[in-house]
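Hi,

Here is the structure I promised to pass along. Have a look at it first, and then read on for what turned up when I went through it.

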Amino acid sequence: MNVSRVLRVTAFALAALMSGSALAAGGPALVVELESGRVLHAERATDPWFPASITKLMTAYVALDKIRSGQMSMDTLLIVSEGAAALPPSKMGFKPGTEIRLDNALKIMMVKSANDVAATIAENIGGSIDGFSELMNAHARRLGMVSSRFANPHGLPDDRNQTTARDMALLARALLKEFPDYRDLFDIGAVQFGRRIMRNTNGLIGRYPGADGMKTGFICSSGFNVVASAHRDGRHLITVVLGAPSANERTIKAAELFDRGFNSKVNFTNPELAALPASGNTSPPDMRPVICDRRGPMPQEEDTPAVAETDSNIPNLFSSEVMAFAGTAADKPVRTVLGPRTAVQPERVWVGLNPPSEAEIAAQAAAEAAAEQARKTKKAAAPKKGKAAAKQENAATQDDTKAAESEPAKPTAKSADKGKATPRVSVTVKPVTGAKPDAKPAADSKAKTDAKAKAPQKADAAGKPKSVAN
């Protein structure tokens, strides 16, 4: 396990260094004390980065500010629009016109990271995505997030979106300090809608002692991001990790940073967030070449169920043990070993104003079970498909278990070449009029022979995904 992990990380680092861009191994990282705002560790903390779904922390901030001002309440009903319903996963799949309370929407957004729900919050508060983005950017300026720009409420790919580890730490501090009554929003282990139980994409929740938030994010261009918080022995720390190569590495690095932070003491030498020097970079690097444009399955937003390996003498390029912490630090701390997640009781969420009755819950569960059975029956009765088409269909029906915030897949040159290996055969049929039954028997025989020769090619083409077979 240890050797395998180091090989993965080393390969990522080498690919980053060879890419000729600003993709240095490790990506930005930051540890700050919540109460004092003093920085315990900063690594490229002001470098611009694509935020991905940690954007949703600002979406939550705008919503909570509306509640604070009395313009909205937690039971305010939001309506799902066609535009929100059409967004790619991660999503809940609510139909246009569905009504959902603001508190349920926030819980789903923080745990499931549903893009359709984030857009629903935005459109009902700001009138439109653009209108809500203006509110996001106004709050960012007020909070001192000088390097952040938001173009949407969910973090789906948009070149105008950017932030820094420093700015996200400022936002996390503001959420926890300005809205103490709503801290539980960021510490929910799982939510349940009908029969569906969706666990938090934050791999620290339920695994790292004292972890109590906040939000993960992933698109190919950003890598794996997290803004995390944890408390221990009366101290509360915030850790930001951007651009990790996988969900597991993101979680392990954040845990190691917390370990180092809790074993470090703060004094006057620790700078404040505002004092961190500005970066010389002006635009975020594109992590796609080392995250998604490689062999193997598409990276997933959630941690794999593997238990993190224990401490070893093998150097880890992403470990905080090779990073210098500011202030007075203790000796090398005992590393926290992350085990499986502890079991949690999911919080129930629903659509509409009032929570469903037991009978309504049972009816919804029955409807979901019937729909699932219908899908299985249809799949069993469907003609056997080619491997590529079956793989594509399976991916479409199981998007909840795939990368929660991944952008729509873009065909690569390699996949395009594969698609050309067996081109689709086009057959043009011309109408025949006035033909005699016994006319040109030789031509009929030739047509049958040609049809047999073409049949395998046509079957192969039909078995490929639509994106290849057109």
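Let me start at a small spot: right after helix H4 comes serine 113, and its phi is positive, near 60°. Do keep in mind that this is a predicted model.

H4 itself covers residues 102-111, and 10 of its 10 residues are buried. That list takes in some side chains you might pause at, including Asp103, Asn104 and Lys107, which are buried along with Leu102, Ala105 and Leu106.

Leu106 comes up again in the largest nonpolar core. That core has 96 residues, and Met58, Leu106 and Ile121 are the ones that touch the most other members. Helix H7 (residues 165-178) supplies the largest share of this core, with nine residues.

What does isoleucine 121 touch, once its neighbours within four places in sequence are set aside? Four of its partners are Leu102, Ala105, Leu106 and Met109, and the others are Thr59, Ala63 and Leu78. Leu102, Ala105, Leu106 and Met109 are also on the list of buried residues in H4.

Next, a helix pair. Helix H5 (residues 115-126) and helix H6 (residues 129-143) have axes that come within 8 Å and cross at roughly 85°. Angles of 65 to 115 degrees count as roughly perpendicular, so H5 is roughly perpendicular to H6. On the H5 side the contact is made by Ala119, Ala122, Glu123, Ile125 and Gly126, and these meet Ile129, Gly131, Phe132 and Leu135 in H6. By type, the residues of this contact are six nonpolar, two polar and one charged.

Then there is proline 277, which sits in the loop between strand S10 (264-265) and helix H9 (288-291). Is proline 277 buried or exposed? Its relative accessibility is 61%, so proline 277 counts as exposed. Its C-alpha is 7.3 Å from that of threonine 46, although the two are 231 residues apart in sequence.

Finally, some numbers for the whole chain:

- There are 14 helices and 12 strands.
- Of the 470 residues, 47% are buried.
- Among contacts with a separation of 6 or more, 73% are between residues 24 or more positions apart.
- The accessible surface is about 23200 Å², and carbon and sulfur atoms account for 56% of that.

If you open the model, I'd begin with isoleucine 121 and its contacts, Leu106 among them, and then move on to where H5 meets H6.

Cheers

Notes:
Residues numbered from 1 in each chain as written. Predicted model: local features only at pLDDT ≥ 70, side-chain atom pairs only at ≥ 80, totals over all residues. Heavy atoms only, no water. Axes fitted to C-alpha atoms, helices over the stretch in contact; angles between N-to-C directions. Helix = DSSP H or I, 4+ residues; strand = E, 2+ residues; numbered from the N terminus. Parallel < 35°, antiparallel > 145°, perpendicular 65-115°, else oblique. Contact = heavy atoms within 4.5 Å. Nonpolar A, V, L, I, M, F, W, Y, C, P; charged D, E, K, R; others polar. Buried < 20%, exposed > 50% of the residue type's maximum accessible area, 1.4 Å probe, protein only. Areas by Shrake-Rupley, 256 points an atom, 1.4 Å probe, with all protein chains shown as cover. Core = buried A, V, L, I, M, F, W, Y, C linked by side-chain atoms within 4.5 Å.
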